[in-house]
Amino acid sequence: MMGFQEQPQNSLFRFGVNLDKRVRSNHPLRKVDQLIDFHFVYDEVKSFYGHNGNESVPPPVILKLMLLLIFYNVRSERELMETLPERMDWLWFLGYEIDSTIPNHSVLSKARKKWDVDVFQSFFERIVLQCVQAGLVDGSKIFVDSSLVDANASNNSVIDTKGLKHQLHRNYKKLEARLEDNNESVDVSRSYEKKNNRYISSTDPDAAIVNRGKPKLSYQVHRAVDGRCEVITATDATPGDINEAHLMMPLLEKHHTTTGMQAETVVADSKYGTIDNFLACHDQGVQAHIPDLLKVAHKRAAQRGKFNEEQFQYDAATDTYLCPAETRLKPKTLHALRQSRDYAAPKKICAACHLREQCTSNKSGRTVKRHLRQSELDAMREKSRSAKSERDIKTRQHLMERSFARATRYGFDQARWRGLWKIKIQEYLTCAIQNIQTLIKCGSKPKKSVAVKIATIREALTRVTSNVITALNGALRRITPYSGLFFQRA
Ligand code: SF4
């Protein structure tokens with residue numbers, strides 16, 4: 001007989017709803033709960049709370065709410081709070097009961113403002129440390145790259161601060177005052193200056209216009225990823241128009257602080273192959289596996305049918321260059337800012353040279369630039385062309401693409417909030433989640449604990465064997481006291 005569903009009627013009382021039994025044993029949040037200790041946040045934020053007044057939502061709950069927001073890529077905090085009573089797994093994760101009071105969505109924005117970036121940075125660093133302890137970080141080789149993040153502001157909000165139209169607008173003064181306020185409050189946490197200060201967004205002044213095919217208001221996130229299990233060991237966010245090459249050494253430094261390990265090799269793409277980066281790596285004893293920007297310059301010179309600088313031989317004894325027409329180029333102007341010196345042949349000789357067409361179109365003759373630390377630079381560049389370096393550069397491409405592709409699942413490429421410090425929070429949370437996923441996937445059975453178990457079993461077996469041998473020898477002594485025979489361990 002077919003059964004018919006009765007008209008549902010709300011029960012007055014419910015008993016025995018145990019959320020712990022309702023959440024499946026292999027639920028991802030169960031693993032997160034087992035692995036991560038959120039109670040550290042009490043100590044981190046205690047200075048932000050007073051001793052009297054209304055009781056706040058417990059800080060670990062706030063941190064878990066923020067994690068849920070990114071983990072499930074929920075569109076807004078309001079939507080998160082509205083969905084919360086319908087999700088038993090989320091309620092269980094937060095330590096709530098089925099009929100617990102749900103906090104107002106504004107607790108999250110208030111907490112972010114109160115706690116600032118440091119708490120989230122500390123959370124990220126703790127996860128990295130946990131990965132290190134689980135043996136998931138090698139630490140000796142890091143891969144570096146950056147990616148653009150779309151700002152949470154429309155292109156229509158961009159104004160030309162020098163344009164007359166905006167100066168004449170009756171609301172312009174109001175807007176300018178607001179931007180000044182914003183800049184003052186933001187500058188404290190922002191250590192990067194935008195390159196383009198003329199065109200700014202009135203809704204998100206920290207974002208910068210980046211033109212990669214289509215002009216867009218953007219931020220940029222920078223990451224250092226360890227090669228062993230692809231754990232993100234260092235990260236940062238900047239306005240979109242910052243040159244990523246300037247972030248390589250700070251990321252290396254952060255990697256060292258977070259993991260306690262000194263990277264021996266840094267692998268990056270050609271955008272990072274600047275003179276400053278090569279020399280900084282040389283000074284710190286770090287191998288730079290980076291495609292050389294000079295190669296690109298040589299390729300261009302070849303396309304134009306001109307000699308490149310490698311075709312000019314340097315003679316250290318006379319401090320001169322020998323050009324393909326065997327003329328000596330002598331040291332001329334010193335550029336203190338660029339730390340380089342120009343070498344040039346006499347103007348008249350160049351003008352009469354039969355190779356002039358292939359060498360220069362400059363009326364004053366050919367000039368070759370030499371850095372003051374050229375020999376160190378050449379040594380670093382030579383190493384960056386090795387087979388090992390080329391292998392690493394190929395690996396980097398897939399590894400970094402993977403890291404950013406996985407982050408797309410958590411909405412890293414679209415800013416949730418406005419202001420650089422909030423983008424940093426978003427990035428720290430995204431990276432923390434990616435590392436937690438790695439910890440769940442690779443670190444649930446840490447090698448250390450397996451090794452400890454094997455050692456314990458071996459120790460127990462040794463003890464059992466020794467006891468058996470002692471017992472056998474005792475019995476032998478009793479049977480043949482003067483035989484001199486005894487058992488011993490093989
Ligand atoms: S143009 Fe001047 S620098 Fe170039 S090959 Fe001739 S002499 Fe040498």
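Okay, let's start with a single residue, Asn73: at 34% relative accessibility, it counts as partly exposed, because the band for that label runs between 20% and 50%. Before I go on, keep in mind that this is a predicted model. Asn73 sits in the loop between helix 4, residues 59-71, and helix 5. Its phi is near 45°, which is a positive value in a residue other than glycine.

Where else do we see that? Gln339 also has a positive phi without being a glycine, near 55°. You'll find Gln339 in the loop between strand 11, residues 328-335, and strand 12, residues 340-344. With a relative accessible area of 37%, Gln339 is partly exposed.

Back to helix 5, which covers residues 77-83 and holds Glu77. Is Glu77 buried or exposed? Its relative accessibility is 11%, so Glu77 counts as buried. And what does Glu77 touch, once we leave aside neighbours within four places in sequence? The contacts are Leu69, His105, Leu108, Ser109, Arg112 and Trp417.

Now have a look at helix 10, residues 248-259. Here's a little sum you can follow: with 12 residues at 1.5 Å a residue, helix 10 should span 16 Å, and its end C-alpha atoms are 17 Å apart, so the two agree. A good part of this helix is tucked away: Met248, Met249, Leu251, Leu252, His255, Thr258 and Thr259 are buried. Those buried residues pack against a whole list of elements, including helix 7 (106-133), strand 1 (141-150), strand 5 (214-226) and helix 11. Right after helix 10 comes Gly260, with a positive phi near 75°.

That brings us to helix 11, residues 275-284. Its buried residues are Asn277, Phe278, Leu279, Ala280 and Cys281. Who covers them? Helix 10 does, along with strand 7, strand 8 (287-289), strand 13 (367-371) and helix 15, among others. Just after helix 11 there is another glycine, Gly285, and its phi is positive too, about 70°.

Let's zoom in on helix 11 with helix 15. When two helices pack, we describe them by the angle between their axes and the distance between the axes. Helix 11 and helix 15, residues 374-383, pack at an angle of about 90°, with their axes 9 Å apart. That makes helix 11 roughly perpendicular to helix 15. On the helix 11 side, the residues that meet the partner are Ile275, Phe278, Leu279, Cys281 and His282. On the helix 15 side, they are Glu376, Leu377, Met380 and Arg381. Sorted by class, this contact has 6 nonpolar, 1 polar and 2 charged residues.

Next, the ligand. Which residues surround it? They are Cys323, Ala325, Thr327, Cys350, Cys353, Cys359 and Arg366. By class, that shell has 5 nonpolar, 1 polar and 1 charged residues.

Last stop: Ile436, in helix 17, residues 420-442. Its relative accessible area is 3%, so Ile436 is buried. Here's the bit I like: Ile436 and Cys131 are 305 residues apart in sequence, yet 8.4 Å apart in space, C-alpha to C-alpha. Leaving aside neighbours within four places in sequence, Ile436 is in contact with Val32, Ile36, Leu67, Phe123 and Ile127.

Okay, that's my tour. Questions, anyone?

Methods: Residues numbered from 1 in each chain as written. Predicted model: local features only at pLDDT ≥ 70, side-chain atom pairs only at ≥ 80, totals over all residues. Heavy atoms only, no water. Axes fitted to C-alpha atoms, helices over the stretch in contact; angles between N-to-C directions. Helix = DSSP H or I, 4+ residues; strand = E, 2+ residues; numbered from the N terminus. Parallel < 35°, antiparallel > 145°, perpendicular 65-115°, else oblique. Contact = heavy atoms within 4.5 Å. Nonpolar A, V, L, I, M, F, W, Y, C, P; charged D, E, K, R; others polar. Expected span 1.5 Å × (residues − 1). Buried < 20%, exposed > 50% of the residue type's maximum accessible area, 1.4 Å probe, protein only. Near = heavy atom within 4 Å.
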